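Thanks for making the time this morning. I would like to walk through one model, going from a helix end to a buried arginine, then a pocket, then a serine.

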Amino acid sequence: MDVVWMLLLLLLFPLLMWTSSTFVFYFKKFFYVAWMMFLAIVGIPICLLKSGGRDVENMRIIRSMVRHVKYLFGLRIEVSGWEHLQTEGPYVIISNHQSSLDVLGMMEILPDRCTTIAKKELVYAGTVGLICWLAGIVFINRKKTSDAKSVMADAAKTMLDEQIRLWVFPEGTRNQNGDLLPFKKGAFHLAVQAQVPIIPVVFSSYSSFYLRKEKQFKSGVIRLRILPKIETKGLTSDEVSCLSDQSHSLMRTAFLEISGLVAKSNGPLKH
């Protein structure tokens, strides 16, 4: 009987993959998470052997292990503006945030000695959480503003003391509504406090291949545009709001361009 069920499953699987976009969506999501956890299992001992513990240099290991994943899902990543990452010393990278697939684009261009700021819940995500901790990822409690400010202040000091770069998602949460959410100010306070440049990175819309509500996950292209750095030297905390608005405007314009979207004057974005 077990053999019969196994044969039925083997026959049903390709049929469902061919006929059901919902099945494909959930299968790819499950496989993505499972594969990332497997890669973390492999990567954890390598990180421990190489660095002996928590170290931003472990991000190189994660970067090299994750770069192949895009091919498993039929995704292609096109990058423009590489020259803007050729910046010495510490800086803050800001980017829009659509889904966990952003990790693939991040690892495609992640500079050396760069880690990220992530929600505190990620540290509890099994093997993925452990390898993130080993890679020096800064975990932040988004529900407590006082804790977040304290973490950002410590991060600014660490950036300068250890000459590292930090990647931040200023929208604060995943967003797939076809536009950019208003930016939270933490990343900009961080850059101003450390007096380091901000380098905006824009991911194109995933709507042509990944739609969470519609349960669609197809092959497609992710376009990344790296924008020129924005200097913060001489700026004070009083100018953070202006800096945030300037960055949002630049990134939104780039997002619309590389996504093939246009903005109506008083309505939602459309293709």
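Before the first residue, a word on naming: helices here are DSSP runs of H or I with at least four residues, and they are numbered from the N terminus. Please also keep in mind throughout that this is a predicted model.

With that naming in hand, let me begin with α8, which covers residues 186-194. Just after α8 comes Q195, and this residue takes a positive phi of about 55°. Within the helix itself, the buried residues are A187, F188, L190, A191, V192 and A194, and I would ask you to remember F188, since I will return to that residue at the end.

Next, the arginine. R165 is found in strand β5, which spans residues 165-168, and because its relative accessibility is 12%, this residue counts as buried, the cut-off being under 20%. What does R165 touch, once residues up to four places away in sequence are not counted? The contacts are T87, E88, G89, P90 and Y91, together with P111, D112, R113, C114 and T115. With Y91 there is also a polar contact, joining the two side chains at 3.5 Å. As for the backbone, the C-alpha atoms of R165 and I93 are separated by 7.5 Å, although these two residues lie 72 residues apart along the chain.

Let me turn to the largest pocket, whose volume is about 1,400 Å³. Its lining is made up of 48 residues, and those that lie nearest the centre are I117, A118, K119, L122 and F169. Which elements each supply at least two residues of this lining? They are α2, α3, α5, β3, α6, α7 and the helix we started from, α8; the largest share, seven residues, comes from α2. For those of you thinking about its chemical character, the lining divides by class into 29 nonpolar, eleven polar and eight charged residues.

Finally, the serine. S247 is found in helix α9, residues 240-259, and with a relative accessible area of 0% it is buried. Where does its side chain reach? The partner is the backbone oxygen of L243, at 2.9 Å. Leaving aside neighbours within four places in sequence, S247 is in contact with I94, F183, F188 and I230, and F188 is, as I said earlier, one of the buried residues of α8.

Key
Residues numbered from 1 in each chain as written. Predicted model: local features only at pLDDT ≥ 70, side-chain atom pairs only at ≥ 80, totals over all residues. Heavy atoms only, no water. Buried < 20%, exposed > 50% of the residue type's maximum accessible area, 1.4 Å probe, protein only. Contact = heavy atoms within 4.5 Å. Polar contact = N/O pair within 3.5 Å; in protein donor to acceptor, adjacent residues only side chain to side chain. 1 Å grid on protein atoms, 1.4 Å probe; cavity = no way out; pocket = protein on both sides within 12 Å on 5 of 7 lines; lining within 4 Å. Points joined across faces, edges and corners; volume = space filled by probe spheres on them. Nonpolar A, V, L, I, M, F, W, Y, C, P; charged D, E, K, R; others polar.
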